[in-house]
Amino acid sequence: MPVLYSSELSPYAARVRLAVYWKGLENRVVFDAPPGGLKSEEYLAINPLGKIPALRLDSGFCLPESELIVEYLEDQYPVRPLRPAGAENAARARLVARIADLYLAPGLAPLFLNADPSKRDDAAVDQGFKTVAKALDDIEGFLDETGPWAIGTQPSTADCALTPVFWFIAWADAWYERSTLAGRPACARVFEKARTDAAASRVFAELERGLKARFGG
């Protein structure tokens, strides 16, 4: 059975877990932590990149990178498809996911790293929020106008990418007393829809546990 190496706090690993939940593959994929830690010899022998998530297939091949893992799951298990029908909508979903990966998620790193007020770099925090705001503006223009999900009425690969990142943005907004999502109605709509979804709520609970384990409380 394929093994997904994951951690609760990683938005990229959460993206894959969400795909597993939405596709109903819990009995076909085993979740595990990287044996020995990310940079251990044991894990590097499995995944030379030393990152999560990674999916070790029954053949022994280990597939890294969350986007590729989600695409693999779509190809291998076509049940409950997350790839939107039609070439245009499928491309739009990939576009939204790519913007989230390349431009949105990196803006969250300084917000997470500066959470401790006693060690905070205010300039880095401001730049992080500017990066997030610009990427959200870009994503806003590519989301489905009616929704309620990113591309139409059903969750898609785009939502797999956006949902965990939106959770982190909501956390950052609360932590730093900002309102980044509020001014972007399509993004806010997708996040609100996710908050009422059972699989997404399950991922949010995992992220919350990971955050508490990281910071305590």
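**View 1. Ring pairs join Phe112, Trp171, Trp175 and Phe215 into a cluster.** Two rings of Phe, Tyr or Trp (its six-membered ring) pair if their centres lie within 6.5 Å; planes under 30 degrees apart count as stacked, over 60 as edge-to-face and the rest as tilted. The model is predicted: local features need pLDDT of at least 70, side-chain atom pairs count only at pLDDT 80 or more, and totals for chains, interfaces and linings use all residues. Residues are numbered from 1 along each chain as its sequence is written, and side-chain values use heavy atoms, with hydrogens and water left out.

**View 2. Tyrosine 5 and tyrosine 43 form an edge-to-face aromatic pair.** The whole structure holds 10 aromatic pairs. In the pair of tyrosine 5 and tyrosine 43, the ring centres are 5.4 Å apart and the planes meet at 75°. Tyrosine 5 belongs to strand 1 (residues 3–5) and tyrosine 43 to helix 2 (residues 41–46), so the pair ties together parts 38 residues apart in sequence. Helices (H or I, at least four residues) and strands (E, at least two) are DSSP runs, numbered from the N terminus. Both tyrosine 5 and tyrosine 43 are buried; buried means under 20% relative accessible area, exposed over 50%, and partly exposed in between (1.4 Å probe, protein chains only).

**View 3. Tryptophan 167 and phenylalanine 168 also make an edge-to-face pair.** Their ring centres are 5.1 Å apart, with 90° between the planes. Tryptophan 167 counts as buried because its relative accessibility is 10%, and phenylalanine 168 counts as buried at 7%.

**View 4. Arginine 178 and arginine 202 are shown with the rings beneath their charged ends.** The charged end of arginine 178 sits over the ring of phenylalanine 129, 4.3 Å from its centre. That of arginine 202 sits over the ring of tyrosine 21, at 3.8 Å from the centre. A charge sits over a ring if NZ of Lys or CZ of Arg is within 6 Å of the ring centre and within 35 degrees of the ring normal.

**View 5. The largest nonpolar core has 63 residues.** Such a core is a set of buried Ala, Val, Leu, Ile, Met, Phe, Trp, Tyr and Cys residues joined through side-chain atoms within 4.5 Å. Among those with the most contacts inside the largest core are Leu73, Leu104, Ile139 and Phe166. Helix 6 (157–176) is one of the elements that give two or more residues to this core, and helix 6 gives the most, with 12 residues. Leaving aside neighbours within four places in sequence, isoleucine 139 is in contact (heavy atoms within 4.5 Å) with Val96, Ile99, Ala100, Leu104, Leu162 and Cys187.

**View 6. Proline 53 follows a cis peptide bond from isoleucine 52.** Omega of this bond is near 0°, and proline 53 lies in the loop between helix 2 and strand 3 (54–56). A second cis bond runs from glycine 147 to proline 148, with omega near 10°. Proline 148 is in the loop between helix 5 and helix 6.

**View 7. Glutamate 65 has a positive phi, near 75°.** Glutamate 65 lies in the loop between strand 4 (62–64) and helix 3 and is partly exposed, with a relative accessible area of 43%. Arginine 80, in the loop between helix 3 and helix 4, has a positive phi of about 50°. Most residues other than glycine have a negative phi.
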